[in-house]
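Grab a pencil and work through these exercises with the structure open beside you. Try each task before you read its solution.

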Amino acid sequence: MSPVTAQAGPMVVVEHLSRVYPSSGGDVHALRDVSFEIARGRLVALVGRSGSGKTTLLNCVGGLDSPTSGRVRVGDAEVSALDERARTALRRDELAFVFQTFGLVPMLSAAENVGLPMRLRKVAPVEREERIAHLLDLVGLTAHAAQRPSELSGGQQQRVAIARALANSPRLLIADEPTGQLDAETGATIMGLLQSVVRAEGMTAIISTHDQGLRQLADSTLTLADGALVGG
């Protein structure tokens with residue numbers, strides 16, 4: 001496949017994905033024969049009730065979990081066929097994750113938290129500092145660069161988490177209920193911010209949410225019910 005062809009293809013391809021968890025009360029079918037594609041540069045909302053399979057689906061797409069059957073491709077990588085070492089490299093180099101819990105390092109400043117992924121990749125200090133400044137500006141936190149998480153509001157902490165997720169210029173952003181711990185007004189602001197940064201960074205994004213307002217910001221919507229895809 002030529003680079004041009006690869007670049008023109010979808011960013012995410014999910015085919016006949018199923019995930020079954022054995023339990024003492026019988027098998028739990030978290031995903032049931034789910035198939036879809038997401039084009040590059042698109043923002044997709046993943047909606048459904050709690051327990052519908054949203055987190056399981058995101059974990060399979062991001063290589064945090066393995067499907068029972070079916071396949072997942074992100075870019076040119078068939079995630080479902082990779083070993084753990086290759087999945088770790090994919091998550092480090094190509095993917096970014098944002099969760100309900102902000103996961104910031106308490107003793108580091110906002111700027112240091114944002115720069116942490118680049119330190120792990122041994123990015124040159126000058127390049128790292130430039131990228132940190134750009135990302136803090138992108139999420140509107142330039143004035144808070146030196147503050148630690150405890151000195152920031154919940155919304156500000158989630159902004160830092162988003163900036164950190166973007167540090168290594170990922171191609172795919174996966175966000176699992178990123179506004180789950182925020183009030184409605186702050187949550188709406190964060191959703192708008194996610195839309196802005198996806199556009200500004202030229203990324204693809206899939207975001208699970210209970211917030212029906214995200215439908216207005218997303219390019220398309222995927223709806224899960226009892227592990228099955230029922231709408232889009």
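**Exercise 1. Two unusual backbone angles**

Task: Histidine 16 lies in strand β1 (residues 12-21). What is its phi near, and what is the sign of that value?

Solution. Keep in mind that you're looking at a predicted model.
- Step 1: Start with what to expect. Most residues other than glycine have a negative phi.
- Step 2: Now check histidine 16. Its phi is near 50°, which is a positive value in a residue that isn't glycine.
- Step 3: Try aspartate 33, which sits in strand β2 (residues 28-38). Phi of aspartate 33 is also positive, near 50°.

**Exercise 2. Sorting by burial**

Task: Aspartate 33, phenylalanine 36 and threonine 179: which are buried and which are partly exposed?

Solution.
- Step 1: Recall the cut-offs: buried means under 20% relative accessible area, exposed means over 50%, and partly exposed is in between.
- Step 2: Aspartate 33 has a relative accessible area of 48%, so it's partly exposed.
- Step 3: Phenylalanine 36, in strand β2, has a relative accessible area of 8%, so it's buried.
- Step 4: Threonine 179 comes out at 10%, so it's buried. You'll find threonine 179 in the loop between β7 (172-176) and α7 (184-201).
- Step 5: Look at what surrounds threonine 179. Leaving out residues up to four places away in sequence, it touches Gly187, Ile190, Met191 and Thr209.

**Exercise 3. Sequence distance and space distance**

Task: How many residues apart in sequence are phenylalanine 36 and leucine 222, and how many Å apart in space? Then do the same for proline 10 and glycine 25.

Solution.
- Step 1: Phenylalanine 36 and leucine 222 are 186 residues apart in sequence, yet 8.7 Å apart in space, C-alpha to C-alpha.
- Step 2: Check the contacts of phenylalanine 36. Setting aside neighbours within four places in sequence, they are Val12, Val13, Val14, Leu57, Ile206, Leu222 and Leu229.
- Step 3: Now take proline 10, in the loop between α1 (3-8) and β1. Proline 10 and glycine 25 are 15 residues apart along the chain, but their C-alpha atoms are separated by 39 Å.
- Step 4: What does proline 10 touch, not counting residues up to four places away in sequence? Its contacts are Glu37, Ile38, Ala39, Arg40 and Arg73.

**Exercise 4. How do the helices pack?**

Task: Which angle do α4 and α6 make, and which angle do α4 and α5 make? Use the angles to name each arrangement.

Solution.
- Step 1: α4 and α6 pack at about 30°, with their axes 7 Å apart. Angles under 35 degrees count as roughly parallel, so α4 is roughly parallel to α6.
- Step 2: α4 passes α6 in a right-handed crossing. Ala110, Asn113, Val114 and Pro117 in α4 meet Val160, Ala163 and Arg164 in α6. By class, that contact divides into five nonpolar, one polar and one charged residue.
- Step 3: Helix α4 (residues 110-120) and helix α5 (residues 125-138) pack at an angle of about 130°, with axes 9 Å apart. These two are therefore oblique to each other, and their crossing is right-handed.
- Step 4: On the α4 side you have Ala111, Val114, Gly115, Met118 and Arg119, which meet Arg128, Arg131, Ile132, Leu135 and Leu136 in α5. The tally here is six nonpolar, one polar and three charged residues.

**Exercise 5. Finding the nonpolar core**

Task: How many residues has the largest nonpolar core, and which of them have the most contacts inside it?

Solution.
- Step 1: Here's the background. In soluble globular proteins, nonpolar side chains tend to be buried together.
- Step 2: The largest core has 38 residues, and those with the most contacts inside it are Val114, Val160, Ile162, Leu173, Leu194 and Ile207.
- Step 3: Elements giving two or more residues to this core include α4, α5, α6 (154-165) and β8 (204-208). The largest share, six residues, comes from α7.
- Step 4: Zoom in on leucine 173. Beyond four places in sequence, its contacts include Ala96, Val98, Leu194 and Ile206.
- Step 5: Don't stop there: a second, separate core of 26 residues includes Leu46, Leu57, Val61 and Leu95.

Technical notes:
Residues are numbered from 1 along each chain as its sequence is written. This is a predicted model: local features need pLDDT of at least 70, side-chain atom pairs count only at pLDDT 80 or more; totals for chains, interfaces and linings use all residues. Side-chain values use heavy atoms; hydrogens and water are left out. Axes are lines fitted to C-alpha atoms, for helices over the stretch in contact, and angles run from 0 to 180 degrees between N-to-C directions. Helices (H or I, at least four residues) and strands (E, at least two) are DSSP runs, numbered from the N terminus. Angles under 35 degrees count as roughly parallel, over 145 as roughly antiparallel, 65 to 115 as roughly perpendicular and the rest as oblique. A crossing is left-handed if the near helix is turned anticlockwise from the far one by less than a right angle, and right-handed if clockwise. Contact means heavy atoms within 4.5 Å. Ala, Val, Leu, Ile, Met, Phe, Trp, Tyr, Cys and Pro count as nonpolar, Asp, Glu, Lys and Arg as charged, and the others, Gly among them, as polar. Buried means under 20% relative accessible area, exposed over 50%, partly exposed in between (1.4 Å probe, protein chains only). A nonpolar core is a set of buried Ala, Val, Leu, Ile, Met, Phe, Trp, Tyr and Cys residues joined through side-chain atoms within 4.5 Å.
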